[in-house]
Amino acid sequence: MFLSSLFDWSECCSVLTTRTEEELVTNTLTLELSLQLKRAEKMHRERTAECNRLKQGVDYSWLTAQPKVDYQIPPREQLELQELCSKIKPSQCGPLILRFRKLIREFESDLPEIPRIFRLTLLDFIEEEEAQRILRRQADTKRGNSLSALTLRTRLKINPFCQESIKESGIGLFAGRR
């Protein structure tokens with residue numbers, strides 16, 4: 001309490017930035033892409049170092065500093081990927097990431113291939129969602145049509161005031177419209 005009044009933390013913490021769902025999904029998917037790129041860079045450096053060790057026969061890697069060469073996605077491609085990411089719903093983010101990781105593992109792709117795989121995964125996921133939405137819409141219209149046909153049909157009603165002879169024969173039903 002004393003520290004918050006001294007440093008005005010209460011004012012700073014009271015203003016929360018609100019983010020839209022699109023921003024959260026885009027940030028999450030972009031972070032996943034960057035993590036996969038860093039992982040691929042590390043694997044590439046390790047393979048290169050192993051090849052150098054095998055060539056030279058001696059390990060001098062402890063003498064040299066590891067160069068940090070980060071692969072950069074071109075700005076245009078990055079904007080296109082962010083636009084595709086914004087079309088993904090938050091509930092679909094987890095399955096999309098799992099599918100992307102599975103594809104990365106299967107193909108053991110190099111650095112330039114990872115953004116392409118990510119783009120294809122996004123496009124495939126968006127197309128599947130669009131197809132499912134169309135199928136749901138068609139099923140809803142079919143269901144709506146079948147329900148409307150049911151309401152127009154004639155229904156059987158029980159007539160308690162029918163003649164005695166009909167009751168004895170067991171037929172107390174007649175067709176009537178609602």
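Helices H3 and H5 cross with a right-handed sense in this predicted model. Helix H3 covers residues 21-56 and helix H5 covers residues 93-107; the two pack at an angle of about 15°, and their axes lie 11 Å apart. An angle under 35 degrees counts as roughly parallel, so H3 is described as roughly parallel to H5. On the H3 side, the contact is made by Val 25, Thr 28, Leu 29, Glu 32, Leu 33, Gln 36 and Arg 39. Their partners in H5 are Cys 93, Leu 96, Ile 97, Phe 100, Arg 101 and Ile 104. Sorted by class, the contact of H3 with H5 comprises eight nonpolar, two polar and three charged residues.

Phe 100 is a helpful residue to follow from here. With residues up to four places away in sequence set aside, Phe 100 touches Glu 32, Leu 33 and Gln 36, and also Ile 114, Ile 117, Phe 118 and Thr 121. Phe 100 also belongs to the largest nonpolar core, which has 21 residues. Within that core, the members that touch the most others are Leu 29, Leu 33, Ile 88, Phe 100, Ile 114, Phe 118 and Leu 122. Two or more core residues come from each of H3, helix H4 (75-85), H5 and helix H6 (113-152).

A second packing partner of H3 is H4. These two helices meet at an angle of about 130°, with 9 Å between their axes. This value makes H3 oblique to H4. The crossing of H3 and H4 is right-handed, as is the crossing of H3 and H5. Val 25, Thr 26, Leu 29, Thr 30 and Leu 33 represent H3 in this contact, where they meet Leu 81, Gln 82 and Cys 85 of H4. By class, the contact of H3 with H4 holds five nonpolar and three polar residues, and no charged ones. Val 25, Leu 29 and Leu 33 of H3 take part in the contact with H4 and are also found in the contact with H5.

Gln 82 gives a closer look at the H4 side, as this residue lies in helix H4. Gln 82 is classed as partly exposed because its relative accessible area is 29%. Apart from residues up to four places away in sequence, Gln 82 touches Thr 26 and Thr 30. Gln 82 can also be placed relative to Arg 119: the two are 37 residues apart in sequence, and their C-alpha atoms are 9.9 Å apart in space.

Just ahead in the chain, the loop between helix H2 (9-14) and H3 contains Arg 19. Arg 19 counts as exposed because its relative accessibility is 52%, and the cut-off for exposed is over 50%. Once neighbours within four places in sequence are left out, Arg 19 is in contact with Leu 24 and Asn 27.

For the protein as a whole, the model contains seven helices and two strands. Read from the N terminus, the elements follow the order α-α-α-α-α-α-β-α-β. Of the 178 residues in the protein, 19% are buried. Sequence separation offers one further view of the fold: among contacts between residues at least 6 apart in sequence, 66% join residues at least 24 apart.

Note on methods
Residues are numbered from 1 along each chain as its sequence is written. This is a predicted model: local features need pLDDT of at least 70, side-chain atom pairs count only at pLDDT 80 or more; totals for chains, interfaces and linings use all residues. Side-chain values use heavy atoms; hydrogens and water are left out. Axes are lines fitted to C-alpha atoms, for helices over the stretch in contact, and angles run from 0 to 180 degrees between N-to-C directions. Helices (H or I, at least four residues) and strands (E, at least two) are DSSP runs, numbered from the N terminus. Angles under 35 degrees count as roughly parallel, over 145 as roughly antiparallel, 65 to 115 as roughly perpendicular and the rest as oblique. A crossing is left-handed if the near helix is turned anticlockwise from the far one by less than a right angle, and right-handed if clockwise. Contact means heavy atoms within 4.5 Å. Ala, Val, Leu, Ile, Met, Phe, Trp, Tyr, Cys and Pro count as nonpolar, Asp, Glu, Lys and Arg as charged, and the others, Gly among them, as polar. A nonpolar core is a set of buried Ala, Val, Leu, Ile, Met, Phe, Trp, Tyr and Cys residues joined through side-chain atoms within 4.5 Å. Buried means under 20% relative accessible area, exposed over 50%, partly exposed in between (1.4 Å probe, protein chains only).
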